[in-house]
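This report describes selected contacts and structural elements of a protein. Please consult the sequence and the structure shown here while reading.

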Amino acid sequence: MDLAMGAPGSDIDDGFALALALADPGISLELVTTVNGNTDADTATALTLELLHRLGSPEVPVVRGSTRPLVRPRARQGSLPDDVPLRSPRAGAAAGAMVELVRANPGEITLVAVGPLTNVALAMRLDPEFASDLKSLVIMGGVFEGQTNNAAMPGEFNIWCDPEAAAIVLDSGIAARWVGLDVTLQVRVERSQAIEMAASERQFTAFAGEYTAAWIDHLAEIDEPGATSCAMHDPLAVAAVTRPDILEWRDAHVAVSTADLTRGVMVCDFRCAGSGPDGTPRPARPNASVAVAVDVAEFNTHFLKNLEAIA
């Protein structure tokens, strides 16, 4: 994950995703790896370790991941607040740690990728059996039935950061569940809710509320003039692990563009295998299961119910 919660003016959904992964009784969090994306890998690692301490789970192993995409410059450089302690992550590289965990537990590990797919692609290159040994793969990334309408970033951010890694994942043989902007933009936290959270006596709630309000203010000033809410992209992907019923899924054959002009754009074909009425060949098999609709009310219930268990 490219966690940035805890840095002023930074995105916060990844922090809520980590909290949900810890709070959901149906999830046992075995490993967290970091990656360059919303911030640089070192900053993401420090903020992840700090948040795990805040959440009362410092024992969860954290391994620093790739500091840049496979072939491109890193997307962003972070800034670590002075009051964040510099704790040491577990030694090693993220891809190796992922391979080791999956090899030791074949068919039992669900991998949830909520940042650029660099670490996942490296693990797949490191071990040809990695993808087939996973129980399942859930990815927050992509936009499938629309577009970003942003010429500077034509693909969704996680995929735009490292489209070559996304291409490796799509070609790996595992049909991942893709939770993209089509659905994540529908699940949101209002600024009024963030202010209410910031006033809470519960430690994590107050911390998360403070940084959520700051993030919404940043969006309103810089990226989305007039914004009064922010999307819960990553928590929706985590929710899909134990509550896939919250989302509507469609099998598809997906490819990703690595060309500069269309970098990160997902080409999505929802047609069935075989051939069409005119004999035109269709994809041999689906390589993705794409979320196309979400029950917003049910997600909110699931999300808030689990977070209530956190002090």
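In which helix do F299 and F303 lie, and how many residues apart are they? Both F299 and F303 belong to helix α12 (residues 296–307), where they are 4 residues apart, about one turn of the helix. The model discussed throughout is predicted.

**Aromatic contacts**

The structure contains 6 aromatic pairs. One of them joins F16 and F204 in an edge-to-face arrangement, with 6.1 Å from centre to centre and 80° between the planes. F16 is part of helix α1 (residues 13–23), whereas F204 is part of helix α10 (residues 203–223), so this pair ties together parts that are 188 residues apart in sequence. Both F16 and F204 are buried. The F299 and F303 pair is stacked, because the ring centres are 5.4 Å apart and the planes stand at 15°; planes under 30 degrees apart count as stacked. F299 counts as buried because its relative accessibility is 1%. F303 counts as buried as well, at 5% relative accessibility. Taken together, F16, F204, F299 and F303 form one aromatic cluster.

**Charges over rings**

Two arginine side chains deserve attention for their placement over aromatic rings. R250 lies over the face of F270, at a distance of 4.2 Å from the ring centre. The charged end of R263 is placed over the ring of W160, 3.9 Å from the centre of that ring.

**Salt bridges**

How many salt bridges does a search of the whole structure find? The search finds 10 salt bridges, and the table lists three of them.

| Salt bridge | N to O distance |
|---|---|
| E50 and R54 | 3.4 Å |
| R87 and E50 | 2.5 Å |
| D269 and R271 | 2.5 Å |

E50 and R54 both lie in helix α2 (residues 41–54); being 4 residues apart there, they are separated by about one helical turn. With a relative accessibility of 13%, E50 counts as buried, because buried means under 20% relative accessible area. R54, at 28% relative accessibility, counts as partly exposed.

The salt bridge between R87 and E50 has its closest N to O approach at 2.5 Å. R87 is found in the loop between β2 and α3, and E50 in helix α2, so the pair ties together parts that are 37 residues apart in sequence. R87 counts as partly exposed, at 29% relative accessibility.

In the salt bridge of D269 with R271, the closest N and O atoms are 2.5 Å apart. D269 counts as buried at 17% relative accessibility, while R271 counts as partly exposed at 43%. Through salt bridges that share partners, E50, R54 and R87 are joined into one network.

**Paired strands**

Is strand β4 (residues 136–140) largely enclosed or open? It is largely enclosed by the rest of the structure, because 4 of its 5 residues are buried. Strand β4 pairs with strand β3 (residues 110–113) in the parallel sense, over 4 bridges. Within this pairing, T110 has S136 of β4 as its bridge partner. Strand β4 is also joined to strand β5 (residues 176–179) by 3 bridges, and these two strands run parallel. Here the bridge partner of I139 is W178 in β5. In a regular strand, side chains alternate between the two faces of the sheet.

**A nonpolar surface patch**

Which residues form a nonpolar patch on the surface? The patch consists of L70, V71 and L122, which together have about 220 Å² of accessible area. V71 is located in the loop between β2 (62–63) and α3 (94–104). V71 is exposed, because its relative accessible area is 55% and exposed means over 50%.

**Summary of the contacts**

The loop between β2 and α3 holds V71 of the nonpolar patch, and R87, whose partner E50 lies in helix α2, is in that loop too. Elsewhere, F16 of helix α1 and F204 of helix α10 join F299 and F303 in one aromatic cluster. Strand β4 has parallel pairings with β3 and with β5.

Key
Residues numbered from 1 in each chain as written. Predicted model: local features only at pLDDT ≥ 70, side-chain atom pairs only at ≥ 80, totals over all residues. Heavy atoms only, no water. Patch = residues over 30% accessible without salt bridge, like charges linked within 9 Å, V, L, I, M, F, W, Y side chains within 5 Å. Areas by Shrake-Rupley, 256 points an atom, 1.4 Å probe, with all protein chains shown as cover. Salt bridge = Lys/Arg side-chain N within 4 Å of Asp/Glu carboxyl O. Buried < 20%, exposed > 50% of the residue type's maximum accessible area, 1.4 Å probe, protein only. Phe/Tyr/Trp six-rings, centres within 6.5 Å; stacked < 30°, edge-to-face > 60°. Lys NZ or Arg CZ within 6 Å of the ring centre and 35° of its normal. Pairing = 2+ DSSP bridges.
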